[in-house]
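Colleague: Before I rely on the descriptive terms used for this model, I would like to hear what stands behind them.

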Amino acid sequence: MVVSRLADIPISNELIERARGGEEAAQAAIYGSLGPAVFALIRRLVANRAVAEDLFQDTMMVLFQRLAEFRGEAPLGAWLRQIAVTRCLMYLRSPWHRARLHWDMDDDAPPSTTVFLVTPATPAETLDVERAMATLTPVGRAVVWLFEVEGYSHEEIASLFGRSVSFSKSQLARALARLRQTLAPQEEEACTTI
Amino acid sequence: MHDDLDEKLIARRLRARADGSQDHAPYGWAEFKRRRDARAVAAWPTGRIRPALFAIAAAAAVLVAGIAIATLSHYRASMLAPSRTVAKVDAGADAGHNSNRPAAADRLARQRTRALEGWLADLPHNPTVVRVGAHAAVTRLQDQIAALDDLMSAERAAGSQPARLDALEHQRAQLVSSLAQVQYAEMLASAAL
């Protein structure tokens with residue numbers, strides 16, 4: 001079971017209680033701790049930066065609005081991750097977004113826009129994966145990320161998308177096939193160079 | 001097997017990417033607060049005006065329902081004394097008032113009534129919120145229109161005078177108009193919710 005970094009970020013109960021009580025310093029501290037990981041996750045699922053910022057703002061606002069409902073059964077980061085993922089998938093499922101990107105669940109065509117999430121510290125190996133991920137459809141990318149990195153099960157992904165388990169499995173299989181296809185020539189090239 | 005290895009490799013690289021990335025929030029706490037406040041301000045007018053709009057629409061619905069009930073009372077009074085109505089209409093016909101009334105105006109009134117009936121027929125049958133007073137007024141108006149339709153059919157079958165039929169037609173047009181006003185007010189009130 002892979003555990004995402006967001007769920008690993010420790011937030012003390014005392015800080016949560018203070019934030020619940022409306023103390024701004026506590027809320028700012030939680031924002032500072034969880035905000036970066038939340039935004040990174042959202043950027044993985046939604047490539048467009050402006051949309052990602054909007055969703056980030058929504059997610060963090062919901063966090064503080066619903067903090068009173070948080071019962072502490074799971075880490076705050078895991079709870080927040082669920083809010084962020086739900087918001088992103090709602091966006092991806094929205095008719096507006098589908099019309100805009102000609103999004104089709106069963107379409108194998110790569111997205112028209114390619115976004116690389118590259119930072120100066122990105123090693124060449126992961127840079128290849130970034131590029132390969134950018135060739136996936138938004139749905140394929142989301143399914144790969146949720147399954148392989150966030151540790152969601154097929155049942156959970158299917159539930160989030162409002163589809164069947166086989167939908168999640170087939171999306172993952174197609175996305176991985178495409179990733180292999182994209183990465184394969186580079187791997188071969190690397191082998192011959194050595 | 002090869003595919004499985006590939007998948008593991010890809011997954012490992014993705015996780016390495018997630019763990020090794022230098023994440024930053026898109027903006028700091030101060031900017032987050034500014035955006036939150038901006039959204040609250042953007043949502044403020046709607047939130048404040050909505051109850052006022054609802055109150056106005058509800059008041060309009062009550063007013064129109066009152067007018068409709070008053071019209072109904074007047075109509076009932078006239079129905080309770082049919083002979084007097086007929087006498088009045090006959091007297092009017094004898095005096096030549098109806099003959100002076102332009103036929104174009106009658107045609108226009110009928111067209112207006114038909115248009116109102118078409119509009120009423122297109123309205124959704126189940127409003128979001130049912131207000132007892134307005135709903136009762138609508139039901140009573142609909143019943144009265146139906147009763148008037150029966151009466152007019154009977155009068156036509158009995159070969160009544162055209163003046164009498166015109167008077168009934170006029171009363172029916174008033175009822176349809178009242179019904180349309182009540183329904184319109186109801187629609188506004190529902191939209192304001």
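Modeller: Bear in mind throughout that this is a predicted model. A good place to begin is A:Val38, which touches A:Leu6, A:Phe56, A:Thr59, A:Met60, A:Leu80 and A:Ala84, leaving aside residues up to four places away in sequence.

Colleague: What makes these pairs count as touching?

Modeller: Two residues are in contact if their C-beta atoms, placed from the backbone, lie within 7 Å. A:Val38 is also, with A:Ile42 and A:Cys88, among the residues with the most contacts inside the largest nonpolar core, which has 51 residues.

Colleague: Which elements give two or more residues to this core?

Modeller: From chain A they are helix 3 (24-45), helix 4 (49-65), helix 5 (76-93), helix 7 (124-134), helix 8 (138-149), helix 9 (154-161) and helix 10 (165-193), and helix 1 (2-20) of chain B joins them. Helix 3 of chain A gives the most, with 11 residues. Another core, of 15 residues, lies apart from this one and includes B:Val138 and B:Leu179.

Colleague: Why are helix 4 of chain A and helix 5 of chain A called oblique to each other?

Modeller: Their packing angle is about 140 degrees, with the axes 9 Å apart. Angles over 145 degrees count as roughly antiparallel and 65 to 115 as roughly perpendicular, so the pair is oblique. Helix 4 of chain A passes helix 5 of chain A in a right-handed crossing.

Colleague: Which residues meet there, and of what class?

Modeller: Among them are A:Val51, A:Leu55 and A:Asp58 in helix 4 of chain A, and A:Leu80, A:Arg87 and A:Cys88 in helix 5 of chain A. By class, this contact has nine nonpolar, one polar and two charged residues.

Technical notes: Residues are numbered from 1 along each chain as its sequence is written. Chains are lettered from A and ligands numbered from 1 in the order in which they are written. This is a predicted model: local features need pLDDT of at least 70, side-chain atom pairs count only at pLDDT 80 or more; totals for chains, interfaces and linings use all residues. A nonpolar core is a set of buried Ala, Val, Leu, Ile, Met, Phe, Trp, Tyr and Cys residues joined through C-beta atoms within 7 Å. A residue is buried if 20 or more other C-beta atoms lie within 10 Å of its own, exposed if 12 or fewer, and partly exposed in between; C-beta atoms are placed from the backbone. Helices (H or I, at least four residues) and strands (E, at least two) are DSSP runs, numbered from the N terminus. Axes are lines fitted to C-alpha atoms, for helices over the stretch in contact, and angles run from 0 to 180 degrees between N-to-C directions. Angles under 35 degrees count as roughly parallel, over 145 as roughly antiparallel, 65 to 115 as roughly perpendicular and the rest as oblique. A crossing is left-handed if the near helix is turned anticlockwise from the far one by less than a right angle, and right-handed if clockwise. Ala, Val, Leu, Ile, Met, Phe, Trp, Tyr, Cys and Pro count as nonpolar, Asp, Glu, Lys and Arg as charged, and the others, Gly among them, as polar.
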